[in-house]
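Please look over the sequence and the model shown here. The paragraphs that follow lead from one residue to its surroundings, then to the helices, the chain as a whole and a few backbone details.

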Amino acid sequence: MLLVQKICLQWNKEERGVKGENVRRQFPQEYLLEELPLRNKDGVFTQSMWDSYTSQWYTKCFQDCVFVQSLNFYQEKELILDAIQHEQYCAERYRSLWELWGWESERITYETQRRIAWIKRFPYNLYDVDSIKEIENISICKKTDEYELSYVHYEGIKPVRRGHNKDYQNITSSFYQKDLLNETAFILSPGQYGRIIWNERKTDYDTGEWYYQLHIFNFFYPPDETIEKDSFIKNKPDYVYKQLAYLY
């Protein structure tokens, strides 16, 4: 099994100055695993999945898997809000606007509670080791007793970063003869812990304004089947890889 903690911090143009940067400097790069993956009586990992075609829940089993915990945070001036706090913040901040659209107070409360319930319903996801190839733009390659983690900078991610493509001559790779940054960040053996940090600038489709994201990916390869909630905070990473650009 591979444990992955995927952290994203988002902010807007208002938080670009020195004060905003000082707030982000205090932002933690690792968190507790609040929820641990479930196992059945045979020790097999399980997760409830939603089938959008049948509109029904079903249980999927995983013999060996990649555990991904996703944590989203938002900076509002000098505050760092988690996903639930941000939903509550937006409900109050945009309440007057939504009321102008004809939304009643009950509907605003209902929509906010529905979004929060969805966040709580999916604290993590499990993926088959043999089927998952990437998490966003982080490539995962399972070897005999190792995990190779690579950073891939796809076209469209701003600012543009260039570099070596380790699979340029690999005819079996999807990156064959492609002009992009694709390099190995590190290789994890059992018991090792690695971190990949990168940032990007995006454009809001509605307003056209820029906003910014800091991504922190923590990877831990447990030496046995024991999974602890403090897996990412009790030790420092063995490897740290960074792709941090100037987000003007």
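**The surroundings of E76**

Leaving out residues up to four places away in sequence, E76 touches E15, L81, H86, Y89 and R93. The model in which these contacts occur is a predicted one. E76 itself lies in strand β5, which covers residues 65-76. Is E76 buried or exposed? Its relative accessibility is 10%, and because buried means under 20%, E76 counts as buried. One of its contacts is also polar: the side chains of E76 and R93 are joined at 3.2 Å.

**Helix α2 and its partners**

R93 leads to helix α2, which is formed by residues 83-93. Within helix α2 the buried residues are A83, H86, E87, C90 and A91. Viewed down the axis of α2, these buried residues fall within an arc of 140°, so they line one face of the helix. The general geometry of such a helix helps in reading this pattern: with 3.6 residues a turn in an α-helix, residues three or four places apart point the same way. The buried residues of α2 pack against strands β5 and β6 (79-82) and against helices α3 and α4 (105-121). H86 is thus listed both among the buried residues of α2 and among the residues touched by E76. At the N-terminal end, α2 is capped by D82, with a side-chain oxygen of D82 lying 3.1 Å from the backbone nitrogen of I84.

Helix α3, one of the elements against which α2 packs, comprises residues 95-100 and includes R95. R95 has a relative accessible area of 18% and is buried. Sequence neighbours up to four places away aside, R95 touches C90, S105 and I108. Of these contacts, C90 is one of the buried residues of α2.

**Helix α1**

Helix α1 spans residues 18-25, and its buried residues are G20, V23 and R24. Seen down the helix axis, the buried residues of α1 fall within an arc of 95°, so they line one face of the helix. The face turned away from this buried side carries the exposed residues V18, K19 and R25. On the buried side, α1 packs against β1 (2-12), β5 and β6. Strands β5 and β6 also receive the buried residues of α2.

**Two partly exposed strand residues**

Strand β4, residues 56-62, contains W57. With a relative accessible area of 38%, W57 is partly exposed. Its contacts, not counting residues up to four places away in sequence, are with S48, M49, W50, R121 and F122. The C-alpha atoms of W57 and A245 are separated by 42 Å, and these two residues are 188 places apart along the chain.

K142 belongs to strand β9, residues 138-142. At 31% relative accessibility, K142 also counts as partly exposed. Beyond its neighbours within four places in sequence, K142 is in contact with D64, V129, Y147 and Y221. The C-alpha atoms of K142 and C65 are 11 Å apart, although 77 residues separate them along the chain.

**The chain as a whole**

How many helices and strands does the protein chain contain? Its secondary structure comes to 4 helices and 14 strands. The C-alpha trace spans about 60 × 50 × 40 Å along its principal axes. Of the 248 residues in the chain, 41% are buried. Among contacts between residues at least 6 apart in sequence, 65% join residues at least 24 apart. The chain exposes about 15000 Å², of which carbon and sulfur atoms supply 48%. As for charge, there are 32 positive and 38 negative charges, and their mean positions are 3 Å apart.

**Backbone details in the loops**

The loop between β10 (147-153) and β11 (181-188) holds P159. A cis peptide bond joins K158 to P159, with omega at about -10°. Q177 is found in the loop between β10 and β11 as well. The phi angle of Q177 is near 55°, a positive value in a residue other than glycine, and Q177 is partly exposed at a relative accessible area of 45%.

S55 is placed in the loop between β3 (45-51) and β4. Its phi is near 55°, again a positive value in a residue other than glycine. At 45% relative accessibility, S55 counts as partly exposed.

Technical notes: Residues numbered from 1 in each chain as written. Predicted model: local features only at pLDDT ≥ 70, side-chain atom pairs only at ≥ 80, totals over all residues. Heavy atoms only, no water. Buried < 20%, exposed > 50% of the residue type's maximum accessible area, 1.4 Å probe, protein only. Contact = heavy atoms within 4.5 Å. Areas by Shrake-Rupley, 256 points an atom, 1.4 Å probe, with all protein chains shown as cover. Lys, Arg positive; Asp, Glu negative; His and termini not counted. Charge placed at Lys NZ, Arg CZ, Asp CG, Glu CD. Polar contact = N/O pair within 3.5 Å; in protein donor to acceptor, adjacent residues only side chain to side chain. Arc of directions from axis to C-beta.
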